[in-house]
Amino acid sequence: SERAIDRTRVLMHRQQTFLDPQPRAMRRERIDLPHCTADWLTLPESRSGHVLLYFHGGAYLRGSTDTHIGALGRFMRAARVEARACDVEQPGEFPP
């Protein structure tokens, strides 16, 4: 049911953001796109012009960029890149 999905998403968000938080030095700018939101992410060690394009693959049910921001920060730090993280937080029928 829709309520069960919403409850699952809220619980996962609370757990993941507590266990694997956003790196403190990460700068995050929200970008509104036509069918989703995205984040422009940088760390002090990010090389300008080197970009990781990240699409969260958990569908509508299993998390978002917020729940995986810690892992994304580690990827960025290891590769010394900026990231564009797109979140498609819509039910499966979107866009119509």
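This report walks through a predicted model of one protein chain, from its overall layout down to a few single residues.

## The big picture

Let's start with the parts list. The chain has two helices and four strands, and if you follow it along the sequence you meet them in the pattern α-β-β-β-α-β. There are 96 residues in the chain, and 33% of them are buried.

How much of the contact network links residues far apart in sequence? Among contacts with a separation of 6 or more, 69% are between residues 24 or more positions apart. As for the outside, the accessible surface is about 6,400 Å², and carbon and sulfur atoms make up 56% of that.

## The sheet

The four strands form an open sheet in the order S1-S2-S4-S3, and the pairing is mixed. At the edges sit strand S1 (27–32) and strand S3 (51–55), each with a pairing partner on one side only. From one strand to the next, the twist averages 20 degrees.

A quick bit of background helps here: strands of a sheet pair through backbone hydrogen bonds, and they can do so in parallel or antiparallel fashion. Now let's go across the sheet, pair by pair.

## Strand by strand

S1 and S2 run antiparallel and are joined by six bridges. The link between S1 and S2 is a hairpin of four residues. In this pair, arginine 27 stands opposite threonine 42 of S2.

Next come S2 and S4, which are antiparallel too, with five bridges. Here aspartate 39 stands opposite alanine 85 in S4. Finally, S3 and strand S4 (residues 82–87) pair in the parallel sense, over five bridges. Look for valine 51 in this pair: its bridge partner in S4 is glutamate 82.

## Two residues on strand S2

Strand S2 covers residues 37–42, and threonine 42 belongs to it. Is threonine 42 buried or exposed? Its relative accessible area is 8%, so it counts as buried, given that the cut-off for buried is under 20%. Leaving out residues up to four places away in sequence, threonine 42 touches Ala25, Met26, Arg27, Met76 and Glu82. Arg27 is a name you have already met, as the residue opposite threonine 42 in the sheet.

Alanine 38 is also found in strand S2. With a relative accessible area of 5%, alanine 38 is buried. Which residues does alanine 38 touch, not counting residues up to four places away in sequence? They are Glu29, Arg30, Ile31, Leu33, Ala85 and Cys86. You can also check a distance from here: the C-alpha atoms of alanine 38 and tyrosine 54 are 9.4 Å apart, with their positions 16 residues apart along the chain.

## The helices

Helix H1 spans residues 2–19, and threonine 17 has its place there. Threonine 17 is partly exposed, at 27% relative accessible area. Try finding histidine 68 as well: threonine 17 and histidine 68 are 51 residues apart in sequence, yet their C-alpha atoms are 7.8 Å apart in space.

Helix H2 runs over residues 69–79, and its buried residues are Ile69, Gly70, Ala71, Leu72, Gly73 and Met76. What covers the buried residues of H2? The cover includes S1, S2, S3 and S4. In fact, one of these buried residues, Met76, is among the contacts of threonine 42. In general, an α-helix has 3.6 residues a turn, so residues three or four places apart point the same way.

## Just after helix H2

Straight after H2 comes arginine 80, in the loop between H2 and S4. What is the sign of phi at arginine 80? It is positive, about 55 degrees, although arginine 80 is not a glycine. Arginine 80 has 44% relative accessibility, so it counts as partly exposed.

## A charge over a ring

One last spot to find is where arginine 84 meets tryptophan 40. The charged end of arginine 84 sits over the ring of tryptophan 40, at 2.7 Å from the ring's centre. And how many aromatic pairs are there? The count is zero.

Key: Residues are numbered from 1 along each chain as its sequence is written. This is a predicted model: local features need pLDDT of at least 70, side-chain atom pairs count only at pLDDT 80 or more; totals for chains, interfaces and linings use all residues. Side-chain values use heavy atoms; hydrogens and water are left out. Rings of Phe, Tyr and Trp (its six-membered ring) pair if their centres lie within 6.5 Å; planes under 30 degrees apart count as stacked, over 60 as edge-to-face and the rest as tilted. A charge sits over a ring if NZ of Lys or CZ of Arg is within 6 Å of the ring centre and within 35 degrees of the ring normal. Buried means under 20% relative accessible area, exposed over 50%, partly exposed in between (1.4 Å probe, protein chains only). Contact means heavy atoms within 4.5 Å. Two strands pair if DSSP finds at least two bridges between them. Axes are lines fitted to C-alpha atoms, for helices over the stretch in contact, and angles run from 0 to 180 degrees between N-to-C directions. Accessible areas come from the Shrake-Rupley method with a 1.4 Å probe; for residues, only the protein chains shown count as cover.
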